[in-house]
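Subject: Handover of a structure

Dear colleague,

Please find below the structure that I am passing on to you. My findings follow directly after it.

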Amino acid sequence: MPSVVGLLEERELAARVRTEALRDEADRVLAALADSETEWHEWVIARQRVGVVCGMAL
């Protein structure tokens with residue numbers, strides 16, 4: 001029969017591994033979000049500039 005300390009260590013390790021995996025996933029999602037926001041803002045600027053050049057308020 002495993003010891004109580006051994007069982008706690010197993011649970012701690014599992015929690016740490018899951019936390020690290022979630023942190024890595026969160027980092028990837030935040031980087032993708034930043035890229036997406038940048039692209040979106042670039043399209044907004046492009047549309048606004050085309051409107052200025054064409055004499056339209058877009």
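Glu-20 and Arg-16 are joined through their side chains by a salt bridge, with 4.0 Å from N to O. The model is a predicted one, and a search through the whole of it returns one salt bridge. Both partners, Glu-20 and Arg-16, belong to helix H1, where they stand four residues apart, or about one turn of the helix. In general, an α-helix has 3.6 residues a turn, so residues three or four places apart point the same way.

As to solvent exposure, Arg-16 has a relative accessible area of 49% and is therefore partly exposed, since the exposed class begins only over 50%. Glu-20 is likewise classed as partly exposed, because its relative accessibility is 40%.

The helix that carries this pair deserves a description of its own. H1 covers residues 4–53 and comprises 50 residues. From its first C-alpha to its last, H1 reaches 73 Å, which is close to the 74 Å expected at 1.5 Å a residue. The chain contains one helix and zero strands. After H1 comes Gly-55, which has a positive phi, near 75°.

Where does Val-53 lie? Val-53 lies in helix H1, and its relative accessibility of 72% places it in the exposed class, because that class covers values over 50%. Between the C-alpha atoms of Val-53 and Gly-6 there are 71 Å, with 47 residues separating the two along the chain.

Glu-25 is also placed in helix H1. With 42% relative accessibility, Glu-25 counts as partly exposed. Its C-alpha is 43 Å from that of Cys-54, and the two residues are 29 apart in sequence.

I turn now to the chain as a whole. Along the principal axes, its C-alpha trace spans about 80 × 10 × 10 Å. The radius of gyration is 24 Å, whereas a compact globule of 58 residues would have a value near 10 Å. How many of the 58 residues, in per cent, count as buried? The buried share is 3%.

Regarding the surface, the chain exposes about 5500 Å², of which 62% is supplied by carbon and sulfur atoms. The chain has 7 positive and 11 negative charges, and the mean positions of these two groups are 4 Å apart.

To summarise, this predicted model has one helix and zero strands, a C-alpha trace of about 80 × 10 × 10 Å, and one salt bridge, formed by Glu-20 and Arg-16.

Yours sincerely

Key
Residues are numbered from 1 along each chain as its sequence is written. This is a predicted model: local features need pLDDT of at least 70, side-chain atom pairs count only at pLDDT 80 or more; totals for chains, interfaces and linings use all residues. Side-chain values use heavy atoms; hydrogens and water are left out. Helices (H or I, at least four residues) and strands (E, at least two) are DSSP runs, numbered from the N terminus. Buried means under 20% relative accessible area, exposed over 50%, partly exposed in between (1.4 Å probe, protein chains only). The radius of gyration is taken over C-alpha atoms; the globule rule is 2.2 Å times the number of residues to the power 0.38. Accessible areas come from the Shrake-Rupley method with a 1.4 Å probe; for residues, only the protein chains shown count as cover. Lys and Arg count as positive and Asp and Glu as negative; His and the chain ends are not counted. The place of a charge is taken as NZ of Lys, CZ of Arg, CG of Asp or CD of Glu. The expected span of a helix is 1.5 Å times one less than its number of residues.
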